[in-house]
Amino acid sequence: MSKKDEQMQELDDAGHRLRSILGGKGDRTPVVSVESLRRFHKYLMAHLSFPFEGKLLSPIGPHRDTESPLSVIRLLDPVREYAPEEMHGLICKVFQKGEKIELPLDRIDVEESSPYYQLFEDYNCWLSNCQ
């Protein structure tokens, strides 16, 4: 199988996983919306155990430390705690170097060995490609 075929297969697999999380009709993965973000939040709350370790994927605002580990301590509730914006996705609270920080979930990088790696890859793929 060629590299391009492998990439296409990975995208197709991600699409199947995302449709099982978010619903969707036929081969269509739901677009990022307030409603679909709330569905994804509900799924994550059922499948993540807090806290878990990660790193900041890339600098955002005043948060520049992509080397130090961080601990994701919870997801903010997009119904009770904030009104999600499609472009920013879900928000999590993390603890890094003695400071509590709120960050977009797509800025969290988990290691490939993490049991949450595929879930984060799928979430990031969806958030960046289904706007």
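Buried means under 20% relative accessible area, exposed over 50%, and partly exposed in between, with a 1.4 Å probe and protein chains only. Helices (H or I, at least four residues) and strands (E, at least two) are DSSP runs, numbered from the N terminus.

The model is predicted: local features need pLDDT of at least 70, side-chain atom pairs count only at pLDDT 80 or more, and totals for chains, interfaces and linings use all residues. Residues are numbered from 1 along each chain as its sequence is written, and side-chain values use heavy atoms, without hydrogens and water.

**Exercise 1.** List the buried residues of α3, and check the span of this helix.

Solution. Start with burial: L119, F120, D122, Y123, N124, C125, W126 and L127 are the buried residues of α3. Next, take the length: α3 covers residues 117-129, 13 in number. The expected span is 1.5 Å times one less than the number of residues. From first C-alpha to last, α3 reaches 18 Å, close to the 18 Å expected.

**Exercise 2.** Work out the strand order of the open sheet.

Solution. Two strands pair if DSSP finds at least two bridges between them. The five strands run in the order β4-β3-β2-β1-β5, with antiparallel pairing. β4 (99-104) and β5 (108-109) are the edge strands, each pairing on one side only.

**Exercise 3.** Trace the partners of β3, then explain its enclosure.

Solution. Take β2 (residues 70-75): it pairs with β3 (residues 91-96) over four antiparallel bridges. There, S71 has F95 as bridge partner, and L75 stands opposite C92. Now turn to β4: six antiparallel bridges join β3 and β4. V94 stands opposite I101. Two residues lie between the strands of this hairpin, where K97 takes a positive phi near 50 degrees. Finally, β3 is largely enclosed by the rest of the structure because five of its six residues are buried.
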